[in-house]
Structures are given as structure tokens and as C-alpha cells.
Amino acid sequence: MPRTMWRGAISFGLVSIPIKVFPATEEKTLRFNQLHDKDGGRIKYQRVCSVCGEEVSFDHIVKGYEYEKDRYVTLEDEDFDAVPVASSRAIDIQQFVDLEEIDPVYYKKSYYLVPEETGVKAYTLLREAMSGDGKVGIAKVSFRDKEHLAALRFKDDVFVLETMYWPDEIRAADFEELSKDVKVRPQEVQMAQSLIENLTDDWAPQQFRDDYREALLGIVEKKVAGEEITVQPEAEPTKVVDLMEALKASVEAAKKKERPSAAASRPKSAAKKSAAKKSAAKKPTATRKRAAS
């Protein structure tokens with residue numbers, strides 16, 4: 001169980017729900033230290049003052065804001081505590097919106113919000129009120145020296161807080177390549193849609209894994225064991241000459257990839273969706289025939 005990283009309250013109208021905040025995710029990646037290639041010694045970094053040249057301990061380091069070139073104003077912990085915003089003490093729900101309205105580009109990091117003992121009833125009440133309607137609460141909260149826009153939703157029985165970027169932190173997709181006039185044939189669109197349909201399935205995150213991390217760990221283990229590492233030559237990338245031919249080949253490859261046993265084990269919901277699509281696709285044809293007769 002990770003340690004509590006923040007304590008506060010969810011503010012919902014006049015209702016206050018005391019909660020504890022825990023990180024909901026963790027990055028799993030191989031971490032490397034930097035070593036001196038001559039003797040294998042570990043490289044260490046020193047905090048050196050640019051004015052006097054002395055090494056500085058953390059006890060003597062303060063935070064400074066550069067308001068002009070090489071001119072700073074320093075801030076103490078008390079200055080951050082004195083920031084006059086309600087979000088420094090509570091997760092204040094400002095409004096509720098439909099989950100589908102939020103572009104995922106806004107999301108940053110996920111946290112679990114767990115109620116304190118005195119807030120279990122109010123926490124459960126809010127969960128029951130929000131369940132099943134697809135709403136998320138939009139709130140503001142301050143921790144780690146920054147105020148965050150945040151979305152609150154329920155995942156199973158626990159509140160999840162998703163910190164978000166502010167609107168002015170999202171870069172505009174302003175690229176000249178996107179404005180070029182490109183002609184796409186209807187046949188190409190249909191073939192691309194066919195490829196998408198063949199690759200469509202229910203979301204099952206358990207089937208995905210970090211192949212790169214596992215392969216890199218295998219190389220590390222081989223080197224520890226003294227084995228020789230051989231580099232596999234990379235295959236030359238296939239040059240796409242004809243887009244339509246590439247789409248056709250991709251569709252055929254996707255069809256071959258789905259073995260009969262895999263199709264049989266597919267969740268019923270996926271089979272129902274596929275059947276519904278086929279049924280919907282047939283209806284317009286029948287209608288046109290009747291109209292023609």
C-alpha cells in the first residue's frame with residue numbers, strides 16, 4: 001500500500017468529505033545509474049553555487065522566482081501556505097459534466113481518494129448519487145506547490161481524481177501539413193473502415209504488455225550471466241507505393257491473425273456488436289430494393 005501523499009476533503013456544496021489521497025499508478029521501467037566508463041565508478045551530481053562555487057546542502061537551498069534576468073525573489077514554505085485559494089485545503093467540486101465531453105489530452109495523473117473514517121457515509125452517498133449517469137465532477141485542488149484542474153469519477157467503489165492540464169497549457173495542433181488539400185477515394189475510405197472493423201474488439205488491457213522492458217531485462221540478465229549479446233539486424237521498412245494495395249494487404253493480414261479459436265473465445269458483447277453492425281448494414285439494401293420495385 002503506498003503512503004498517503006495528501007490529506008484534505010472533497011467539498012460538494014455544503015457537504016465536506018474528509019479523504020486521503022494515494023497515487024493510483026506507478027511507472028515500471030528499468031532504471032540505470034550513470035557510471036564512469038574507465039573504472040565503473042558511479043557518477044554523482046553536486047549542488048554547487050554559481051556565485052561562491054561551494055557545494056550547497058538541501059538545508060540551505062530555497063526556491064527563487066526569476067522576475068528579471070538574474071534577479072530572483074525567494075519564497076519560503078510559509079509563503080506557499082499563505083496562498084489565498086480554497087483548493088489548498090479542499091477538492092472543491094465546481095460543476096458536473098458528461099465524461100464524453102472531456103478530451104483525454106487534458107488528463108495528467110490519477111489518484112485514489114479514500115475516505116477518512118468520519119467521511120465514509122458522505123463518500124458512499126456521493127458515490128450512489130453519481131453512479132450510472134456518466135457524470136464526472138470538475139474540481140480544483142492544490143498540492144505539490146501547484147493548483148490543478150481535476151476530474152473526479154468513480155472506478156468500481158473508489159473515487160479517482162484525474163489531475164488535468166489547464167486550457168492554456170494545451171498546445172494548438174497548428175501544423176501546415178494538416179491544411180494540405182488531399183484527395184481520398186471512397187474505395188480507400190471503405191477499405192480503411194474494413195481494416196478498422198477487423199481490428200475492433202472489446203477493451204482488455206490485460207492482453208497488452210511492455211515487450212521492450214521485458215526484452216531489455218532479458219539482455220541485462222544475459223550480461224550478468226556473462227553471455228554474449230548479438231544484435232539482430234532490423235528488417236527494411238516496407239515502402240508504401242500504392243495506398244489501396246497496402247490497405248488490402250493489411251485487411252487480409254488482420255483476417256488471418258484472428259484464428260477460429262480466438263474468435264470463439266471473444267466476449268459475447270463483441271459478437272453482439274458485430275451482429276448488430278451486419279444487421280444494420282443489410283437493412284438499407286432491402287429498403288432500396290422495395291423502393292425500386
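# Chatting through a predicted fold

Tyr 123, Phe 154 and Phe 159 form one aromatic cluster.

User: Hi! What kind of model is this, and how are residues numbered?

Analyst: Hello! This is a predicted model, where local features need pLDDT of at least 70, side-chain atom pairs count only at pLDDT 80 or more, and totals for chains, interfaces and linings use all residues. Residues are numbered from 1 along each chain as its sequence is written, and side-chain values use heavy atoms, with hydrogens and water left out.

User: Cool. How many helices and strands does the chain have?

Analyst: The chain has seven helices and nine strands. Both are DSSP runs numbered from the N terminus: helices are H or I with at least four residues, strands are E with at least two.

User: Back to that aromatic cluster. How many aromatic pairs are there in the whole structure?

Analyst: A search of the whole structure finds four aromatic pairs. Rings of Phe, Tyr and Trp (its six-membered ring) pair if their centres lie within 6.5 Å; planes under 30 degrees apart are stacked, over 60 edge-to-face, and the rest tilted. Tyr 123 and Phe 154 make an edge-to-face pair, 5.9 Å centre to centre with 90 degrees between the planes.

User: Where do Tyr 123 and Phe 154 sit?

Analyst: Tyr 123 is in helix α2 and Phe 154 is in strand β8, 31 residues apart, so this pair links distant parts of the chain.

User: Is Tyr 123 buried or exposed?

Analyst: Tyr 123 counts as buried, at 4% relative accessibility. Buried means under 20% relative accessible area, exposed means over 50%, and partly exposed is in between (1.4 Å probe, protein chains only).

User: And what share of the chain's residues count as buried?

Analyst: 18% of the 293 residues count as buried.

User: Which residues touch the most other members in the largest nonpolar core?

Analyst: That core has 19 residues, and Ile 10, Ile 19, Ile 91, Leu 113, Leu 152, Phe 159 and Leu 161 touch the most other members. A nonpolar core is a set of buried Ala, Val, Leu, Ile, Met, Phe, Trp, Tyr and Cys residues joined through side-chain atoms within 4.5 Å.

User: Which elements supply at least two residues of this core?

Analyst: They are β1 (6-12), β2 (15-23), β5 (91-98), β6 (107-115), α2 (120-130), β7 (135-142), β8 and β9 (158-164). Apart from this core lies another, of seven residues, among them Ile 102, Val 136, Ile 138 and Ala 151.

User: Why do nonpolar side chains tend to be buried together?

Analyst: I can only offer the general pattern: in soluble globular proteins, nonpolar side chains tend to be buried together.

User: Fair enough! What does Ile 91 touch?

Analyst: Not counting residues up to four places away in sequence, Ile 91 touches several residues, including Trp 6, Ile 10, Leu 113, Leu 152 and Leu 161. Contact means heavy atoms within 4.5 Å.

User: What about His 148?

Analyst: His 148 is in strand β8 (residues 147-155) and is buried, with a relative accessible area of 9%. Leaving aside neighbours within four places in sequence, His 148 has contacts that include Lys 108, Phe 143, Thr 163 and Trp 166.

User: New topic: how many salt bridges does the structure hold?

Analyst: The structure holds twelve salt bridges. A salt bridge is a side-chain nitrogen of Lys or Arg within 4 Å of a carboxyl oxygen of Asp or Glu. One of them joins Asp 98 and Lys 135 (2.8 Å, N to O). Asp 98 lies in strand β5 and Lys 135 in strand β7, so the pair ties together parts 37 residues apart in sequence.

User: Are Asp 98 and Lys 135 buried, exposed or partly exposed?

Analyst: Asp 98 is partly exposed, at 25% relative accessible area, and Lys 135 is partly exposed as well, at 32%.

User: Which other salt bridges can I look up?

Analyst: Try Glu 188 and Arg 185, which meet at 3.2 Å, N to O. Glu 188 counts as buried at 12% relative accessibility, whereas Arg 185 is partly exposed at 41%. Arg 209, Asp 211 and Glu 214 are linked in a network of salt bridges.

User: Last one: where is Glu 116 found?

Analyst: Glu 116 is in the loop between β6 and α2. Glu 116 and Lys 20 are 96 residues apart in sequence and 6.7 Å apart in space, C-alpha to C-alpha.
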